Amino acid sequence: MTVVDDRPTVAKEVGQARARKEDQRLITGRTKWTDNITLNGMVHLAMVRSPYAHANITAINTTEAKAAENVLQVYTAADLGDSQGVLINAWAITPDQKTPVHLPMPGDRVTFAGEIVAVVVARTAAAARDAVQLVDVDYEELPAALDLRENAQDKVLAHPDLGTNKSAFWKFDSEEAGTGGNVDAAIDKARTEGVVIEREYRQQRLIPAFMEPRSCVVDPTGDQITMWSATQVPHIVRFALAATTGVPESKIRVIAPDVGGGFGGKLQVTPEEWLVWCIARRLGKPVKYTETRSESLMAAHHGRDQWQKLTMAATKDGILTGLKVELLADLGSYVAIVGGGVPVLGAFMFNAIYKFPAYQFTCQTVFSNKAWTDAYRGAGRPEATFAIERLMDELANELGVDPFEVREKNWIKHEEFPFTTVAGLEYDSGNYEAATARAKEMFDYDGLRAEQKARRASGDSVQLGIGVSTFTEMCGLAPSRVLGSLNYGAGGWESASVRMLATGKVEVVTGASAHGQGHETAFSQIVADRLGVPFEDVEVLHGDTQIAPKGLDTYGSRSLVVGGEALVKATDKVIEKAKPVAAHLLEASVEDIEYSAGRFSVKGTEQGLSIQEIAGAVFVAHNLPDGMEPTLDSDATYDPVNFNYPHGTHLCAVEVDTETGEVKMRKYVCVDDVGTVINPLIVSGQIHGGLTQGIAQALFEEAVYDDSGTLVSGSFVDYLVPTAADMISFDIDHHSTPSLTNTLGTKGVGEAGTIASTPAVVNAVVDAIRQFGVDDVQMPCTPERVWKAIQSGGANQSDPTEGAAMPHFDESEGGAQ
Ligand code: MCN
C-alpha cells in the first residue's frame, strides 16, 4: 500500500460544486458529434444484417442493390477477404478458453440476429439504407441456442464446429488460495448446526442504451488515416487497428470527439468500425457510418445475462461461515473484447463487506445465438452485489431479525481496515457503521418500519416495502500486476501531461477519454489547486490519440483514481522543475524555497514569485539556471498499487399495489463513501445517473428475445429505459474515508449508484410482499411478475421462465485455468 503525499496544497477548488465546463457546448448541442462530421467526397455505409439468430448464408445477390440510384458498391465477406480485419479478444480468462474467430462480417454463417452480412456504399446515408432492402440474402436456418441453462448443457450448439457451447471454466477457492477455509465443510456444518440459504437468481440481459448511437468516420486521404468514432476507447481502437493491420501507430489517429454516453457499451472495437476503416482504405475516400437506434439495440454489445446459484452458510446467531457461488454467464455468440472477464470481476465482490471465513466461486461462460455481452456499468460487480445483498435479506428473514442486524454482525469494522478479504483483496479504508447510521437517519428507518407494520396490520391493499443494500465495489481498473495475474491482455496505468504556458495558462492532457463524466471540470479543479492557478486558466485535452498519444481510456471508474493521480504526479513534476528557476531568480538556494498555492517564496522572507511569473521567465529563457531546459511541462504515467473500494448504504422504500402488482418508488436514500470528493455536483450527477440505471434493472429493463432469436425489445418502445418521470427525487449524502492508495484520497464513483441500487429496490419489493409467501421476484419486477408472485404465494418465483434447472459444473467440464 502506498502512502498519501503530504505536499501542501490549498484546496480552493477541490470540493467546490463547479458547474461543468463542458456542459455549455454539450447541452446546447454546439459541438461536433461524430455524425456531424462531413468531409469532402465522403460516402456512406449501411449494413445488411441477418434477421436470423443462426443460419448458413447460402447466397447473396447484390445486383439490384448495386444498380440503385446513388449506390456505389455493395461488399460481402467474399469481396473483402482478410482486409475486413478481425475483432480482438483481450481477456482469455483461461489458457484454453474457446474463442471463435470473430470477423466483422462472416461469409458463411450468422450467429445472432443483427450480425452483418453485407455493406452498402452510397453517396448518401439514405440511399445506402434504402439499398439494404435490395440485397437478397438466402439463408438456411439452423437451430438457435437461446436458453442459457440449456445452452450450458449443449442442447443446441451456437457454434456447431466447436462441439460445445462452453467457453471457459474459472474458479476461485479460498482454501486453495490460502485466504480462507473449505467452503463445503462450512456448508455441511451449517446444515446440521446452523442455517443454509440456497437461492438461484437471474441477472437479466440488459442493453447499455447510450444516448448517442455509435458512429464512425474514417478519412484515409491524409498523411495519416484518421478515424473519428463515438467510442470510450480511442487508444485501444488505435492499438487494435495497428496490431492487426501492420499500419504503424504513428499513421493512425483516432479521435473520440464529444461522445454521448457509453456505460461500457462503447468500450468495444466494433465490427462497424472495422468495416468503415476497411472500405475507406479500399476506396481511398472518407467513409461514414452511423447506426440507427434499432441497430444499436440489437448489435451493440449487451450486458449482464447470468444465472447465479448461491449457497450461504451461517450460524444460528447469524454469523456468516461460508459462501459458494456457481455462475453461468452468457457470452452471446462471440467472446467480446473483455466479455469473458466480466463475470470474473464479480468473483472478488460476492463476499462484499462481510467477513466470510470460506468462499468458493466458479463460473462457466457459455455461448448463445444472441448479441455478444460485455461490460455494462458495473461489469460483474452489480451481479455480485445483487446476489449477496439479496442473500443477506433472506438470512435476516430466516433468523427473524432486522436486515441490518445480520449485516452489522458480519461487516468489517472501521477499525479493522486495511482488511484482506476472503477473495484476496485488500480493502484500504471504509466506515460502514457511519454510512449506515447516516442513511438510517435520513431515511427515518424506524418511522417507515412502523408505518409498514401498521399497513400490514390493517391489510391495506398498498403495502410498504423497505430494502437495504450495504454495498462495496472494486474500481479504478487497475494495478497492471493484478490484471496480469488474471490474464487480462492490457495494463491498468494511465498517463497525463501538464504544460505551463508562457501566458500563465495551463494545458493538461489526459489519456482518459470522457464521454459524459465531466473530466474537463474535475481535472481542472485538481490542477488549479495544486498549481495555484485560476480554474478558468486550466484547459483539459483528451480523446485524440494525436494530442494524447498515451492512454488506456475510460471505463471501470478509473479516470479519477488512476488518470487523476497521473495528473497529480505530472503537476508535481512541474512544481519541482519550477523550484530551481525560482531559487535562481530570487537569488536563494533551492533548499530555502518554499512552495504553497502557486507561489514560490524564500523561507522567512516576503520575497517570492508566482508560478505564472516563473512560466514567463522560463519561456523567454533570458535568465535561467545553467543547463535548465526552457520548458515548464511534464509527463507522468501512473500504475496504481491497488484497486479502490467505494462503499455506501442505500435504502429504498417502495409501495406495492397488491391488487395490480404495480411498484411505486416512495423514497430512496443513499450515503456513499467515494473518498475525497473533487466535485460534489459531478459526484451527485454520477450517483443520480447510476441509481437510475440500477433501478431500471430492478423494475424496467430487459433485453427479450423471442423463440426464434429475434430481439423483441428492439426499440425504446419495448426496451424500457426510464425517464425522469419514472424516478423520484433521491436523497443523497456522503461519508468520506479517504482512500490510502492515492494522493487525493479519492475513490471512483462512476458505477457506484448502479451497483448499489438494484438489490435495494428488489429487497424492498420482496419485503413488501413477503407476507404472501414470496421470497423472490425476478427482475425486472414488472406489475405482472409481482402480481403473479402474490397470487401464487411465492411458487416458482425464482424461475418463472421456462427452461432447464441450473446445471452443475466443475473443472472437468470446461477446461482448467
Ligand atoms: N469524481 C469526483 N470525486 C470522486 C470521484 C469521481 O469528483 N471522489 C468525478 C471524476 O472526476 C469524474 C467523474 O466523477 O469527473 C467520474 O469519475 P470516475 O469514477 O473516475 O469514473 P470515470 O470517469 O472513469 O468514468 C467511467 C464510469 C463508468 S465505468 C461508466 S459505465 C459510466 C460512468 O463513468 N458511464 C457514463 N458515468 C457515466 N456518465 C455519463 N454521463 N455517461 C456515461 O456513459
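Q: Why are helix 12 and helix 13 called roughly perpendicular in this predicted model?
A: Helix 12 (residues 381-399) and helix 13 (residues 403-410) pack at an angle of about 110 degrees, with their axes 8 Å apart. Angles of 65 to 115 degrees count as roughly perpendicular, and therefore helix 12 is described as roughly perpendicular to helix 13. The crossing in which helix 12 passes helix 13 is right-handed.

Q: What makes the contact between helix 12 and helix 13, and how do its residues divide by class?
A: From helix 12 come Glu389, Met392, Asp393, Leu395, Ala396 and Leu399, and they meet Pro403, Val406, Arg407 and Asn410 of helix 13. Sorted by class, the residues of this contact are six nonpolar, one polar and three charged.

Q: Why is helix 18 called roughly perpendicular to helix 19?
A: The angle at which helix 18 and helix 19 (residues 611-620) pack is about 85 degrees, and their axes lie 10 Å apart. Since the class of roughly perpendicular covers 65 to 115 degrees, helix 18 is therefore assigned to that class with respect to helix 19. Helix 18 contributes Ala578, Val581, Ala582 and Leu585 to the contact, while helix 19 contributes Ile614, Ala617 and Val618. By class, this contact has seven nonpolar residues, with no polar and no charged ones.

Q: How do you know that arginine 530 and aspartate 572 form a salt bridge?
A: The closest N and O atoms of arginine 530 and aspartate 572 are 2.8 Å apart, and because the rule asks for a side-chain nitrogen of Lys or Arg within 4 Å of a carboxyl oxygen of Asp or Glu, the pair qualifies. Arginine 530 belongs to helix 17 (residues 519-531) and aspartate 572 to helix 18 (residues 559-586), so that the pair, 42 residues apart, links distant parts of the chain. Under this rule the count for the model comes to 52 salt bridges.

Q: Why are arginine 530 and aspartate 572 counted as buried?
A: Buried means under 20% relative accessible area. Arginine 530 has a relative accessibility of 6% and therefore counts as buried, and aspartate 572, at 10%, counts as buried too.

Q: What makes aspartate 673 and lysine 747 a pair that ties together parts of the chain?
A: Aspartate 673 forms a salt bridge with lysine 747, the closest N and O atoms being 3.3 Å apart, a value that lies within the limit of 4 Å. Because aspartate 673 lies in strand 27 (residues 663-673) and lysine 747 in the loop between strand 28 (731-734) and helix 21 (752-769), the pair ties together parts that are 74 residues apart in sequence. Both aspartate 673 and lysine 747 are buried.

Q: Why is glutamate 784 called exposed, and lysine 788 partly exposed?
A: Exposed means over 50% relative accessible area, and partly exposed lies between that and the buried limit of 20%. Glutamate 784 has a relative accessible area of 51% and is therefore exposed, whereas lysine 788, at 47%, counts as partly exposed. Lysine 788 and glutamate 784 form a salt bridge in which the closest N and O atoms are 3.0 Å apart. Because they are four residues apart in helix 22 (residues 783-791), they are separated by about one helical turn. Elsewhere, salt bridges that share partners join Arg199, Arg390, Glu394, Arg770, Asp775 and Asp776 into one network.

Q: How do you know that threonine 111 is buried?
A: Its relative accessibility is 1%, and because buried means under 20%, threonine 111 counts as buried. Threonine 111 is placed in the loop between strand 4 (109-110) and strand 5 (116-122). With neighbours within four places in sequence left aside, threonine 111 is in contact with Ala53, Ala158, His159, Ser333, Tyr334, Ser368, Asn369 and Lys370.

Q: Why does aspartate 305 count as buried but asparagine 487 as partly exposed?
A: Aspartate 305, in strand 13 (residues 303-314), has 7% relative accessibility and therefore counts as buried. Asparagine 487, in the loop between helix 16 (480-485) and strand 19 (494-500), has 40% and therefore counts as partly exposed. Phi of aspartate 305 is near 65 degrees, a positive value in a residue other than glycine, and asparagine 487, also not a glycine, has a positive phi of about 70 degrees.

Definitions and conventions:
Residues numbered from 1 in each chain as written. Predicted model: local features only at pLDDT ≥ 70, side-chain atom pairs only at ≥ 80, totals over all residues. Heavy atoms only, no water. Axes fitted to C-alpha atoms, helices over the stretch in contact; angles between N-to-C directions. Helix = DSSP H or I, 4+ residues; strand = E, 2+ residues; numbered from the N terminus. Parallel < 35°, antiparallel > 145°, perpendicular 65-115°, else oblique. Left-handed = near helix turned anticlockwise from the far one by under 90°. Contact = heavy atoms within 4.5 Å. Nonpolar A, V, L, I, M, F, W, Y, C, P; charged D, E, K, R; others polar. Buried < 20%, exposed > 50% of the residue type's maximum accessible area, 1.4 Å probe, protein only.
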